Amino acid sequence: MVSNIRQEMPVLTRHEGDWVGTYTVIDTAGKILDSYESHLTCQFPENGPHPYYQINRYKWSDGKREEYEFPGSYKDNKLWFDTDRIQGKAWEADDSIVILWFTYKTNPEMSLYEMIYISPDNNNRARTWHWFKNNKIFQRTLVQEERLK
């Protein structure tokens, strides 16, 4: 079956490509808890088991690195994630915003909502993560990214 994700989620489709930026994690008082560099790749494979595939690479100033892969499925105008690590979904809110909700499988009491804004020229993104534990906010992640040309 051919996925209609490109036609039915045009804002998400605009994210295709590579993005570099910074993540800044803050507590509810605004104190910086962590910051690191990122390189994300958003793909819409024509062939393969997943109509969406994302790779997140993180790098800290002390040399620490992490990499995660997020294959996504598409159904009911939503992008769905179900990996070893997370379970969640993303949907378009308007012509510039995608909303993502997910929970960590190892910490089901913890979840987050992310607002992802893409600029009209498709070259800049601003993202905010709102982290909840037992339905109470405890931190936020602020992300600034530019398209890697």
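This is a short talk that walks through one protein chain, from its overall build to a few single residues.

Hi everyone, and thanks for coming. Before anything else, please keep in mind that this is a predicted model.

Let's start with the whole chain. It has 2 helices and 10 strands. If you follow the sequence from the start, the pattern reads α-α-β-β-β-β-β-β-β-β-β-β. The radius of gyration is 15 Å, close to the 15 Å that the globule rule gives for 149 residues, so the chain is as compact as a globular protein of that length. In extent, the C-alpha trace covers about 45 × 35 × 30 Å along its principal axes. Of the 149 residues, 40% count as buried. And if we take the contacts between residues at least 6 apart in sequence, 34% of them join residues at least 24 apart.

Now let's walk along some strands, beginning with β4 and β5. Strand β4 takes in residues 65-75, and it pairs with β5 in the antiparallel sense over 4 bridges. One pair to look for on the screen is Tyr 74, which stands opposite Leu 79 in β5. The two strands form a hairpin with 2 residues between them.

That turn deserves a pause. Most residues other than glycine have a negative phi. Asp 76, however, is not a glycine and has a positive phi of about 55°. You will find Asp 76 in the loop between β4 and β5. Is Asp 76 buried or exposed? Asp 76 counts as exposed, because its relative accessibility is 58%. In that loop we also meet Asn 77, another residue other than glycine with a positive phi, near 60°. Asn 77 has a relative accessibility of 44%, so it counts as partly exposed.

On to β5 itself, residues 78-82. In a regular strand the side chains alternate between the two faces of the sheet. Which side chains of β5 point to which face? Leu 79 and Phe 81 point to one face and are buried. Lys 78, Trp 80 and Asp 82 point to the other face and are not buried. So Leu 79, the residue across from Tyr 74, belongs to the buried face of the strand.

From β5 we cross a hairpin of 3 residues into β6. These two strands also pair in the antiparallel sense, over 4 bridges. Here Asp 82 has Gln 87 in β6 as its bridge partner. Keep an eye on Gln 87, which has a bridge partner in β7 as well, namely Thr 103. Strand β6 covers residues 86-92 and pairs with β7, again antiparallel, over 7 bridges. A hairpin of 4 residues leads from β6 to β7.

How much of β7 is buried? This strand, residues 97-104, is mostly covered, with 7 of its 8 residues buried. On its other pairing, β7 runs antiparallel to β8, residues 107-118, and 8 bridges join them. Trp 101 stands opposite Tyr 113 in that pair, and the hairpin from β7 to β8 passes through 2 residues.

Let me step back to one residue in β6, Glu 92. Glu 92 counts as partly exposed, because its relative accessibility is 23%. What is Glu 92 in contact with, leaving aside its neighbours within four places in sequence? The list is Glu 8, Met 9, Pro 10, Val 11, Leu 12, Ile 97 and Val 98. By contrast, take Ile 55, which is 37 residues from Glu 92 in sequence; there the C-alpha to C-alpha distance is 20 Å.

Last stop: empty space. Rolling a probe the size of a water molecule over the atoms shows where empty space is left. In this model the largest pocket holds about 540 Å³ of space. It is lined by 34 residues, and those closest to its centre are Asn 56, Tyr 58, Phe 70, Phe 102 and Trp 129. What is the lining made of, by class? It has 22 nonpolar, 5 polar and 7 charged residues.

If you'd like one thing to trace afterwards, follow the run of hairpins from β4 to β5, on to β6, then to β7 and finally to β8. Thanks for listening!

Key: Residues numbered from 1 in each chain as written. Predicted model: local features only at pLDDT ≥ 70, side-chain atom pairs only at ≥ 80, totals over all residues. Heavy atoms only, no water. 1 Å grid on protein atoms, 1.4 Å probe; cavity = no way out; pocket = protein on both sides within 12 Å on 5 of 7 lines; lining within 4 Å. Points joined across faces, edges and corners; volume = space filled by probe spheres on them. Nonpolar A, V, L, I, M, F, W, Y, C, P; charged D, E, K, R; others polar. Buried < 20%, exposed > 50% of the residue type's maximum accessible area, 1.4 Å probe, protein only. Pairing = 2+ DSSP bridges. Rg over C-alpha atoms; globule rule 2.2 N^0.38 Å. Contact = heavy atoms within 4.5 Å.
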